[in-house]
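Student: I would like a close look at a single strand and its surroundings. Please take the pairing and the side chains together in one account.

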Amino acid sequence: MRPEEKTHKTEHKNLPSKSFARKLSFFIFLLMVLLYVINIVIDYTFFTDLLEVTEETRKVAWITSVCDFSFLVTMLVSVYFCITRFLKPVTMETARIENELHIARDIQNAMLPEAYPAFNDHGEFRLSAYIRPAKEVGGDLYDYMLRDNRLYFLIGDASGKGVPASMFMSATKYLYRALASDNDSASDIVSKINNALCDNNSTNMFETLIVGILDLVDGSLELCNAGHTAPLAICSKGSYYLELDSNIPVGVIENYRYKSRHFRMLEGDKLLFYTDGVTEAENSGKQQFGKDRLMEVVTNDMGKEPKDLIGSITSSINLFTCGMEQSDDITIMALSLENCLWKQEIRLSDSIGEIGKIREIIESASERFSLGKVGQRMMLAVEEAASNIINYGWPEGSGQNYSSPEGSEKSITFELKIFSNSAVAILKDNGIAFNPLEKEAPELDRPLELRQAGGLGIMLLKELSDYASYRRRCNDTNILSLKFNY
């Protein structure tokens with residue numbers, strides 16, 4: 001079950017409805033009956049005091065009463081049909097607006113990625129999200145994507161609520177998706193989102209947001225904050241609010257230079273991101289939930305998984321507000337870097353015989369964790385990748401200088417990490433820049449003499465691994481990551 005609540009019924013308080021017509025007609029009926037009864041009482045009292053009531057007088061009075069009552073009923077029916085006829089176009093318009101808002105809600109929900117489980121096949125981290133709009137549609141958003149073994153994520157809060165905020169949120173979401181696919185810096189992504197939103201922003205809307213990039217290889221983290229609430233960091237030492245550079249929200253000043261902060265997440269660390277709808281949730285006494293209560297909940301439940309931690313926070317908010325109407329959108333996103341069950345790292349020379357050391361590590365892990373066929377797949381894929389680096393990473397005449405402080409000319413590092421549901425093998429080298437994943441697969445259906453040489457090993461590598469990524473870091477290190485699920 002996903003810990004999200006993406007729907008919230010809207011009450012159109014300013015638009016009349018059929019129930020309003022019935023209530024108004026019933027009120028007029030009671031008023032007319034009351035006037036009719038008062039009229040009879042006055043007539044009876046007056047004529048009893050002044051006249052001797054004869055049998056003929058009673059008959060005349062009874063006929064008059066029947067006529068008055070008939071007139072009363074006729075007037076009531078006429079009033080009811082007049083009101084119903086008058087309100088019919090209004091109720092139809094109300095129904096149309098409600099239907100369009102439901103459609104808009106469904107479209108907005110479809111734009112958001114799965115709240116949980118997110119990347120459930122990646123044992124290196126856990127990610128969960130929750131969103132609850134204050135109206136049918138809202139201006140809060142979250143998003144994330146995985147690229148080159150780095151986790152890109154976003155949380156934001158557009159100014160205002162309802163339809164205008166949701167449209168601004170949609171623009172931000174699509175800009176982020178396009179920019180995160182081609183940028184390696186969080187501050188660059190935010191700067192470009194800002195410039196795009198500032199263009200023709202006649203409504204003067206803005207949005208606070210945080211963009212983050214987490215390197216799953218070494219835990220390095222970049223966060224760029226555009227006027228958003230400070231995230232909570234949870235580690236072995238306790239919980240605290242992260243201090244980020246103070247930047248203005250996006251959509252305000254074009255060409256503003258956004259700054260990022262860099263951190264390093266360790267295994268077991270968690271991050272909690274949220275919008276101000278969490279801390280500004282009010283109870284009947286107009287008291288806000290506040291940062292102190294949020295910190296208390298997080299501190300008490302800091303050992304929980306992201307999904308369960310979010311559940312504790314939302315339960316505390318519901319208990320605090322005690323059924324009060326929600327005044328702002330609520331969005332929470334929690335991220336944790338999972339503890340590694342076992343890992344080993346070795347440094348290799350450029351000799352093909354070094355592959356035997358890699359084989360020993362994989363065999364040890366396979367036996368210890370009963371990896372079976374997963375271990376066999378990993379052995380074949382990693383051996384192919386390592387031999388490819390050793391044979392082609394340093395071609396003659398490339399003109400590169402491979403000298404290092406340790407005096408070795410060439411550097412290859414192999415690291416193996418075992419998680420609860422996956423194993424991750426990482427190969428690093430300082431050879432020429434080469435992405436093996438971009439190599440086209442050989443055309444096996446063509447005659448052997450017409451095929452382009454090479455490519456079979458790379459194809460095997462991609463087929464054997466469940467997830468593969470490559471990137472060039474600092475223009476001097478190739479990083480190839482291979483993940484195997486079990």
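Tutor: What follows concerns one strand, its two partners and, briefly, a helix pair. The model is predicted, with local features requiring pLDDT of at least 70 and side-chain atom pairs counting only at pLDDT 80 or more, while totals for chains, interfaces and linings use all residues. Residues are numbered from 1 along each chain as its sequence is written, and side-chain values use heavy atoms, with hydrogens and water left out.

Strand β12 spans residues 412-418; strands (E, at least two residues) and helices (H or I, at least four) are DSSP runs, numbered from the N terminus. Seven of the seven residues in β12 are buried, that is, under 20% relative accessible area with a 1.4 Å probe, protein chains only. I412, F414, L416 and I418 point one way, T413, E415 and K417 the other way, and all are buried.

Two strands pair if DSSP finds at least two bridges between them. β12 runs antiparallel to β11 (residues 342-348), joined by seven bridges, and L416 stands opposite Q344. With β13 (residues 422-429), β12 also pairs in the antiparallel sense over seven bridges; there I418 has A423 as its bridge partner. Three residues lie between β12 and β13 in this hairpin.

Turning to the helices, α9 (residues 373-392) meets α10 (residues 456-464), with residues including L380 and A381 in α9 and I458 and L461 in α10; contact means heavy atoms within 4.5 Å. By class, this contact has six nonpolar, two polar and two charged residues, where Ala, Val, Leu, Ile, Met, Phe, Trp, Tyr, Cys and Pro count as nonpolar, Asp, Glu, Lys and Arg as charged, and the others, Gly among them, as polar.

Definitions and conventions
Axes are lines fitted to C-alpha atoms, for helices over the stretch in contact, and angles run from 0 to 180 degrees between N-to-C directions. Buried means under 20% relative accessible area, exposed over 50%, partly exposed in between (1.4 Å probe, protein chains only).
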